[in-house]
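Got your viewer open and a coffee to hand? Let's walk through this one together, one selection at a time.

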Amino acid sequence: MRNGERGRRPMHEMSVALEICRIAEAQVGHDMLAHVREVGLEVGRQSGIEPDHLVFCLEALFERAPFAGARASLELTPGEELSVIYLEVDDVGQAH
Amino acid sequence: MSVRRIEVRERVMERNDALARDVRKRLDRHGVTALNLVSSPGSGKTLLLERTLRDLGGELRMAVVTGDVQTQNDADRIARWTDDLVQAVVTGGACHLDARQVSSALEAIDLHSIDLLFVENVGNLVCPASWDLGEDAKVVLFSVTEGEDKPLKYPKMFQQARYAVLTKIDLLPHLVFDAEKAVGFAREINPRLELVRTSSTDGTGLADWYDLLRRAVLKHSGAGRQLESIASRGASARAR
């Protein structure tokens, strides 16, 4: 079975990926020219998230602005933590 | 053009958890006990709720929020058994209910007039474990037509649950299913789990389930007023 013995599908990860995008978008605000290059995440091994599935979902969502082509950087930790740690944003000189 | 690093350090679940805390506060304020029913698809959540509303409706005031990926069939089935509100949430593909959906569903329910709220989650033993809905406790159902090792395969859900229901036990004579083994696995994962065995078809064990619900409501509400009103309504229901 393609999705592993527990029959997991990336649906769950897609909900999480959407929330990650919402958190990131809230950080860059309404700056239409902002471009997110990298999203740093901490993913606990007990968080119920399959890292490969999460990256797959994020890659699909990162095709649109303000992410276009952004990279997800995952730090795997023990425990249940699931957090957005940092963003790397192109500073295009729009900051006031 | 330079690269700027923004420190975020925000838990992905934070917004959901904040909404869940709000829901929990609203429910507490009205003395409502909320149970989040989780299981695989087809374990018998809806039928157990139908029986519960039929048998306990004169004693406890209950409302139900049902979540389904598509259709509001479960809500329609349950609505036949109660005058109280049944709210259907169609998740449109999502694998779980979230606190926002429950919060909106509660807008249509007069919380002051109910004792017990059931949230029938989407049939799924993985995703609902990550989304707090503001419930008082999770009830995990698993049926004798599933594997005995369900608790071992989905430990997070069984760890989080306060109550478990082993359903469809009328089918045991026809199956190669070792109920003791299944219950043993559940207790191994969660020693504090309170477990009942039921058949919604022939009624076996439903009395245990109803006792569990009565205790959950009394324990949660705690208020003497509530105890009194439940007792008197129970008496009048029996007198009918």
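Start by selecting strand S1 (residues 35–44) of chain A along with S3(A): eight bridges hold this pair, in the antiparallel sense. Before moving on, a word on what you're looking at: this is a predicted model, where local features need pLDDT of at least 70, side-chain atom pairs count only at pLDDT 80 or more, and totals for chains, interfaces and linings use all residues. Residues are numbered from 1 along each chain as its sequence is written, while chains are lettered from A and ligands numbered from 1 in the order in which they are written.

A little vocabulary helps too. Helices (H or I, at least four residues) and strands (E, at least two) are DSSP runs, numbered from the N terminus. Two strands pair if DSSP finds at least two bridges between them.

**Stop 1: the sheet in chain A**

Stay on that antiparallel pair and click A:Glu38; its bridge partner in S3(A) is A:Glu88. Now add S2(A), which pairs with S1(A) in the parallel sense over seven bridges. Here, A:Val39 stands opposite A:Ala72.

Next, show helix H2 (residues 51–61) of chain A. S1(A), H2(A) and S2(A) make a right-handed β-α-β unit (right-handed if, with the strands pointing away from the viewer, the path from the first strand over the helix to the second runs clockwise).

Zoom out to chain A as a whole. How many helices and strands does the secondary structure of chain A come to? Two helices and three strands, in the pattern α-β-α-β-β along the sequence. Of the 96 residues in chain A, 38% are buried (20 or more other C-beta atoms within 10 Å of a residue's own; exposed is 12 or fewer, partly exposed in between, with C-beta atoms placed from the backbone).

**Stop 2: across to chain B**

Keep S3(A) selected and add strand S1 (residues 2–11) of chain B. These two pair in the antiparallel sense over eight bridges, and the partner of A:Asp90 in S1(B) is B:Val3.

With all of those strands on screen, you have an open sheet of four strands in the order S2(A)-S1(A)-S3(A)-S1(B), with mixed pairing. Strand S2 (71–77) of chain A and S1 of chain B stand at the edges with a single partner strand each, so one side of each has no neighbour in the sheet. On average, neighbouring strands of this sheet are turned by 15° against each other, direction ignored (axes are lines fitted to C-alpha atoms, for helices over the stretch in contact, and angles run from 0 to 180 degrees between N-to-C directions).

Now colour the contacts between the chains: 23 residues of chain A are in contact with 21 residues of chain B (contact means that the C-beta atoms, placed from the backbone, lie within 7 Å). Which strand gives the largest share of the chain A side? S3(A), with 10 residues. By type, that side of chain A divides into 11 nonpolar, five polar and seven charged residues (Ala, Val, Leu, Ile, Met, Phe, Trp, Tyr, Cys and Pro count as nonpolar, Asp, Glu, Lys and Arg as charged, and the others, Gly among them, as polar).

**Stop 3: the sheet in chain B**

Hide chain A. In chain B, seven strands form an open sheet in the order S4-S3-S5-S2-S6-S7-S8, and the pairing is parallel. Strand S4 (86–90) and strand S8 (194–197) of chain B are at the edges, each with a single partner strand, so one side of each is left without a neighbour in the sheet.

Pick out strand S6 (residues 137–143) and strand S7 (residues 163–167) of chain B, which run parallel and are joined by five bridges. One spot to click is B:Val140, whose bridge partner in S7(B) is B:Ala164. Then show helix H8 (residues 206–221) of chain B, lying across S2, S5, S6, S7 and S8 of chain B and running at about 135° to S2(B).

**Stop 4: two residues to compare**

Find B:Leu19 in helix H1 (residues 14–29) of chain B. Is B:Leu19 buried or exposed? B:Leu19 is buried, with 20 other C-beta atoms within 10 Å. Leaving out residues up to four places away in sequence, B:Leu19 touches B:Ala99, B:Arg100 and B:Ser103.

Then jump to B:Lys181 in helix H7 (residues 179–189) of chain B. B:Lys181 is exposed, with 11 other C-beta atoms within 10 Å. Its C-alpha atom is separated by 8.2 Å from that of B:Asp149, 32 residues apart along the chain.

**Last stop: confidence**

Colour by pLDDT (the predictor's confidence in each residue, from 0 to 100). Chain B averages 90, and 91% of the residues score at least 70. For the complex, the predictor gives an ipTM of 0.82 and a pTM of 0.83.

Notes. Two residues are in contact if their C-beta atoms, placed from the backbone, lie within 7 Å.
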